[in-house]
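This report walks through strand pairing, aromatic contacts and charged contacts. The sequence and structure come first.

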Amino acid sequence: MPIAGVLILTNIEEAQEVLVNLNTVENVTTYGIHKQNYIIAVLEGDTPKSLEILSQSITNGISGVIGVYPTYVNYEDDEAEG
Amino acid sequence: MSKKYTRREFIKTSAAASAAAGIGVSLFPGMTFANQSGGTNWHKSVCRYCGVGCGVMIGEKAGKIISIKGDELNTVNNGHLCVKAFYLHKAVNSKTRLHHPMIRKNGKLVKSSWEEALDLVATKFNEIRKANGGNALAFYGSGQGETEETYMANKLFKGCIGTNNVEGNPRLCMASAVGGYLSSLGADEPVGLYEDIEKAELFFLAGSNTAEAHPIIFERIMRHKTRNPNVKIVILDPRKTPTDQVADLHLFPKPGYDLAIFNAMAKVLIDEGYADDDFIAKHLVMKNGDGVQDFETYKKFLNDYTPEIAEKISGVPAQDIIKAARMFGKAKTAMTLWTMGLNQRKRGVWANNLVHNLHLITGKIGVPGSDSFSLTGQPNACGGVREGGGLCHLLPGHHLVVKEAHRAKVAKVWGVPASNIQPKPGKHTIAMFSALNEGEIKGMYIMCTNPAQSLPNAKKYWKGLKEQFVVVAESFYPTMTTEYADVVLPAAFWTEKEGVYGCTERRSQYMPLVVAPQGQAKWDAFILRDLGKKMGFEKEFAKYETAEIMWDEYRGLTKGKDMNLMGASYDRLKKVRGLTWPVPTEDHPGTYKRFMAGDPIYDSKFAELAKKEGRRMYFYGPKAKDGKATVWMRPHDDPAEPTDSEYPLALTTGRVLEHWHTMTMTGTAPELNRAVPNAYVEINPIDARNMSIKNKEQVVIETRRGSMQFEARVIDRPVQGTIFVPWHWENKPINVLCIDAFDPGSKEPEYKVAAARIRKA
Ligand code: SF4
């Protein structure tokens, strides 16, 4: 069950809207907008794949998102999943 | 920790805290990462994947890697990583890791002992050498190998066996950048560092899909641009990429036809008064094939490249070329970033020269925020192969095989007779694999790379791999190259060995050994050392008991060179987040800008002279004369295989974000395979309509070298007349269809342009 801390870089003027949208996405917990256009978030998934899909859907699916940048990935109980 | 916290909640808090720290924010005051990471040991290291060189912290518990964290103290990435970080641990623990040596018996690779495998390699190599001479053997390495590994290979092959047939896959990606830096600026590698990004007003991204190929560089550019609306981005690329979402202007040339654009931009810059006359007069010489010329001759040369003429050649509207030139000229500072789109070309060195020209004639070099900055694909192409001398004409530490004094110096340090090192360069990559085909080379050692898939026109070279004695040292099995191997040796992977990587910005960084190698895997440098001993060079390899001994010997060879690493001891590298050479002493902080004040070589040797001549830079590199950089007059030249009525489409190749190179690492993560599961070809909607091809339909791409079936992706990305195929998939090795013509200077193949046609499957 990997968990990742990520920084989501947005266009400055759309940061608030991105935050609102992110809060509707399952397996995403947000921690506010910081330094103008970074949203701190935690992504949860069953496998690294689900983290990947989640971050792709954020990048491609939410207008105003420039990129998703992991800062920490914990795979403590990932091994069981192969 | 509060007792009501579950472990998962706890990890979530840590994850959020880590993200906050990545932007210098404290989300949970009083909480530090160290005090809540539950017995995890953190090891400072570097990302294994690309040439950006991001700092990572590897979380290990009881001998297992359980987490990865961006290193906040590393100035390259400040703790931020790209999505490939999701899979870093997967590569280490992949099911395709090779755990034991294998020898081909009766046509099949079977498990063997180390003793048997190395004995066989040593015996075969010695037999070949005795019967045919050292030049019948060759080494083919990698920009992913550590500097110490390449160093051992260099000593074994160039110093002991006595052949300069030592190459590495950076020949296929960076050689034109090397040629460009040497011929334009007099020395290899960029003047500045990544920190110029935050000071630049204009980014000219030429032949670089930065968003996907160098995501952290892209993030830095974007962070800067979103906060500084005056920052502009100009893209030159035949294909729309995710980088386009932020472009202010995109020039779409026909693949291989952009040299005229650079010349036209130079013409506009001069005609409209953006040239820095003082910088030109004091710092530059103009040259063409006949030698040194004056500025007037250069201006006359540029008359052949008006924007209108460049439009005819490249297909890019003259108005856009003028606009790009004006944006470049008006910006106070500008950075050009480029990768394979310019390098992998029949005229890759020329393309590089023409980029440098733009910076030189406007004086947008050697000032904060301005640089012509080549991006590297592999994590140690710069450190291990360019600096470490892992090519057929080089010796470690920017020494050359053709120079007698260099051979003598290196031979002395290696403890071998100087006569062992041949005075002529060996065979470059394509010549080497051609010689393998022809039986002139009879034995090859391949380390940490997959040439059966990655060579251009790859199928042509499978013959030699099949017929000659081939040894492959690899962490993963199988690869396309191990299919042809006589012996496969299991190599320790990232985290299972220590060593140094040198990234794009002249930064050397230490990577620690964190966990034991899997199975019987061994460190490549030790494999080479032990092979050397078995081949009879016991005395020459006796001393290399540790990685540090190898590194120290290597850095000793850099003393007094432009890439001086004397101040970068292991002790120091273990503490700091890399050092940018020249770093001549242990108390030197490393160098931001070369050839100017602050560069220790400039300060100690050239500052006075420069001052006397009223100059702010002195290009002191080995290929520069009188400290001057060169503006080259490089004419337009067609690609090696222009499109024609038979093959009307230009085939170009590249990367996607989720994968890396031949997927030996990323392909081991099943999740990554599924993310971009099938190889596909991107076709412009107008071309698709003209050929009645529908999205997702199966099509066959044909070039003069063969054909291959792909799924059509009809998308407004490639410019009309161009098709694009990512090159990662083993079951669809598009490089088989690419041409193996190469740049006459850099010998880098023209992967980026081949004539092709498409039909429905
Ligand atoms: S940008 Fe390159 S070095 Fe940085 S995390 Fe991504 S793959 Fe690794």
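## Barrel in chain B

Two strands count as paired if DSSP finds at least two bridges between them. The model is predicted. In chain B, strand E24 (residues 649-654) and strand E28 (residues 722-726) pair in the parallel sense, over 5 bridges. Within this pairing, B:Thr652 stands opposite B:Phe724 of E28(B).

The pair belongs to a closed barrel of 6 strands in chain B. Its order is E24-E28-E25-E27-E26-E29. The pairing is mixed. From one strand to the next, the twist averages 45°. Strands of a sheet pair through backbone hydrogen bonds, in either the parallel or the antiparallel sense.

## Strand E25 and its neighbours

Which strands flank E25(B) in the barrel order? They are E28 and E27. Strand E25 (residues 680-683) runs antiparallel to E28(B), joined by 2 bridges. Here B:Glu682 stands opposite B:Phe724 in E28(B). B:Phe724 also faces B:Thr652.

With strand E27 (residues 706-714) of chain B, E25(B) runs parallel, and 4 bridges join the two. B:Ile683 has B:Val714 as its bridge partner in E27(B).

Are the residues of E25(B) buried or exposed? Both faces of the strand are covered. B:Tyr680 and B:Glu682 lie on one side, B:Val681 and B:Ile683 on the other, and all are buried.

## Charges over rings

B:Tyr680 of strand E25 also takes part in a contact with a charge. The charged end of B:Arg713 sits over the ring of B:Tyr680, 3.6 Å from its centre. Another such contact involves B:Lys732, which lies over the face of B:Phe710 at 5.8 Å from the ring centre.

## Aromatic pairs

The structure holds 27 aromatic pairs over all chains. One of them joins B:Trp551 and B:Tyr554. The ring centres are 5.4 Å apart, the planes stand at 55°, and the pair is tilted. Both residues lie in helix H22 (residues 547-557) of chain B; they are 3 residues apart, so about one helical turn separates them. B:Trp551 is buried, because its relative accessibility is 1%. B:Tyr554 is buried too, with a relative accessible area of 1%.

B:Phe606 and B:Tyr618 give a stacked pair, because their ring centres are 4.7 Å apart and their planes meet at 10°. This pair links distant parts of the chain, 12 residues apart. B:Phe606 is in helix H24 (residues 600-612) of chain B, and B:Tyr618 is in the loop between H24 and strand E23 (629-632) of chain B. B:Phe606 has 18% relative accessibility and therefore counts as buried. B:Tyr618, at 10%, counts as buried as well.

Which residues form one aromatic cluster? The members are B:Tyr151, B:Trp414, B:Tyr510, B:Trp551, B:Tyr554 and B:Tyr570. The tilted pair of helix H22, B:Trp551 and B:Tyr554, is thus part of this cluster.

## Salt bridges

Over all chains, the structure holds 46 salt bridges. One of them is formed by A:Glu44 and B:Arg8, with the closest N and O atoms 3.0 Å apart. The pair crosses between chains: A:Glu44 is in strand E3 (residues 38-44) of chain A, B:Arg8 in helix H1 (residues 7-21) of chain B. How do the two ends compare in burial? A:Glu44 is buried, at a relative accessible area of 14%. B:Arg8 is partly exposed, at 26%.

Within chain B, B:Asp71 and B:Arg577 form a salt bridge, the closest N and O atoms being 2.8 Å apart. The partners are 506 residues apart, and the pair links distant parts of the chain. B:Asp71 is in the loop between strand E3 (64-70) and helix H2 (88-92), while B:Arg577 is in the loop between helix H23 (570-575) and strand E22 (579-580). Both B:Asp71 and B:Arg577 are buried.

## A network on helix H7

The side chains of B:Arg223 and B:Glu219 meet in a salt bridge at 4.0 Å, N to O. Both residues lie in helix H7 (residues 215-227) of chain B. They are 4 residues apart, about one turn of the helix. B:Arg223 is at 15% relative accessibility, so this residue counts as buried. B:Glu219 is buried, with a relative accessible area of 1%.

The two residues also belong to a network of salt bridges that links B:Glu198, B:Glu219, B:Arg220 and B:Arg223.

Note on methods
Residues numbered from 1 in each chain as written. Chains lettered and ligands numbered in written order. Predicted model: local features only at pLDDT ≥ 70, side-chain atom pairs only at ≥ 80, totals over all residues. Heavy atoms only, no water. Axes fitted to C-alpha atoms, helices over the stretch in contact; angles between N-to-C directions. Phe/Tyr/Trp six-rings, centres within 6.5 Å; stacked < 30°, edge-to-face > 60°. Buried < 20%, exposed > 50% of the residue type's maximum accessible area, 1.4 Å probe, protein only. Lys NZ or Arg CZ within 6 Å of the ring centre and 35° of its normal.
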